[in-house]
Amino acid sequence: MSARSPVSLIVFTVLLFSSFACSQRDIPGKGSAEWWLTEKDGSVLFRKQNGSLERTSPGDSLPVIEVDDSIRYQTIDGFGYTLTGGSAIHLMQMSNEGRHELLEELFAADGENIGVSYLRISIGASDLSDRVFSYDDLPEGETDPAMTSFSIEPERKELIPVLKEILAINPDIKIMGSPWSAPVWMKDNNDSKGGSLKREFFPAYARYFVKYVKAMEQEGIRIDAVTIQNEPLHPGNNPSMFMPAEDQAEFLKNHLGPAFEADDISTRIILYDHNADRTDYPISILDDPKAARYADGSAFHLYAGKISDLSLVHEAHPDKNLYFTEQWVGAPGNFPENFSWHIRELIIGATRNWCRTVLEWNLSSNPQLTPYTDRGGCSRCLGAVTIDGDSVSRNPAYYVIAHASKLVRPGSYRILSELAEGSADAAGARRLNHVAFRTPDGMIVLIVQNDSGKGQSFVISHRELNFRASLNAGAVATYRIRPLH
């Protein structure tokens, strides 16, 4: 190897320094705050703003949002979507290059990508699949208590390949499985729609879950959590299954929980997975110590009830976790209304009420809003993105999740954010909705929504740092603050 000349060494040093400087360019300095903005009218859509917020001193004329990372609440597992069977079909119909580009945008966290970190999938078909199926379908009159006919073969064409491609981009993404129905031969109406699980098949259905988790693991897909039944009090979808709380408690404590324990399965078991108006459902199960032993927590939707009611479950059982797992946007979508409601109730509301996840329904649709099942499939469900060949358009749920997923990384935890004493009396202060987190790399992330009808200025205060910020009516911003120490 020949020795470098003095000139080449100088050039090499300059290039090395320039490379280092470029690599540091997007990292804010200590005591700085950068921000990403969405305007309610869609004129700005999750766009990083130039420069840092101006440092200031709190004044009596402006409301102050105080952020205190010494007060810690729940850990965040992630933000994302349900990857339905239909979503997987849309993705697999793209070109390899188009699909990879979209999956990078969704699941990578660097650059301008949005860093989706949690996915929900259906165990068997959901109502946004192209057909109804389970993993143990049999001719009428036959049963299979030993699960000898179990197979995840129906997922090998679309869902499993898409999940493997996502895992190659983000190996740490967490996946939750939720069944819409047991196999029809286990049900009292012998139908995919409605009906209940026969008690004689509780042991068989527990084996079904065990087989599912192990089969997916063999494909390199770890299932982080399962919910026992999607919307157990709504037997109107196809597929669907009615499962009252007493049945879920019995199934969990005497069948599913012991089956997971016997097979050393670490996948978390989550209760309920339905609306916030029936907090009595999971509370009644958690009140049973034998059932609570196997339950990690409870999952919720918000098609009925109030998001604040989720805290009732936390107060009754503070040792158990809460998850927000589903909320739809109806086609064709109304960006100002959909975006504002979902930010207020879910990104801010669900996390302020102890949820570790916020998941939107669902990842993608096509222009025809197909596929969906007959006799109860959703014909108006708008995906976070609309896929038409390799053409992609981004819908309200895309930007709702982006405001949290990119910056509030898994392992972050929610911290205290509140209006400073006296700030509540400032004009518009009560319409500043907000939630704050501390990330694993020590950043402070604050999401603020100006839910009023006019522009609002305010101060963000964290320890000795104070920043002046302003948001137009209905605007949402995610602020990332690098503390002084």
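**Aromatic pairs and helix packing**

Mentor: In this predicted model, ring pairs (Phe, Tyr and Trp rings, the last by its six-membered ring, with centres within 6.5 Å) link Phe-133, Tyr-135, Phe-150, Phe-202, Tyr-205, Tyr-208, Phe-209, Tyr-212 and Phe-251 into a cluster. Local features need pLDDT of at least 70 and side-chain atom pairs 80 or more, while totals for chains, interfaces and linings use all residues. Residues are numbered from 1 along each chain as its sequence is written, and side-chain values use heavy atoms, without hydrogens and water.

Trainee: How is a pair such as Tyr-272 and Phe-300 to be read, and what are the distance of its centres and the angle of its planes?

Mentor: A pair of aromatic rings is described by the distance of the centres and the angle of the planes. Planes under 30 degrees apart count as stacked, over 60 as edge-to-face and the rest as tilted. For Tyr-272 and Phe-300 the centres are 5.5 Å apart and the planes at 70°, so the pair is edge-to-face.

Trainee: Are Tyr-272 and Phe-300 buried or exposed?

Mentor: Buried means under 20% relative accessible area, exposed over 50%, and partly exposed in between (1.4 Å probe, protein chains only). Both Tyr-272 and Phe-300 are buried.

Trainee: At what angle do H2 and H4 pack?

Mentor: Axes are lines fitted to C-alpha atoms, for helices over the stretch in contact, and angles run from 0 to 180 degrees between N-to-C directions. Helix H2 (residues 85-92; helices are DSSP runs of H or I, at least four residues, numbered from the N terminus) packs against H4 at about 75°, with axes 9 Å apart. The two are therefore roughly perpendicular (65 to 115 degrees).

Technical notes: Angles under 35 degrees count as roughly parallel, over 145 as roughly antiparallel, 65 to 115 as roughly perpendicular and the rest as oblique.
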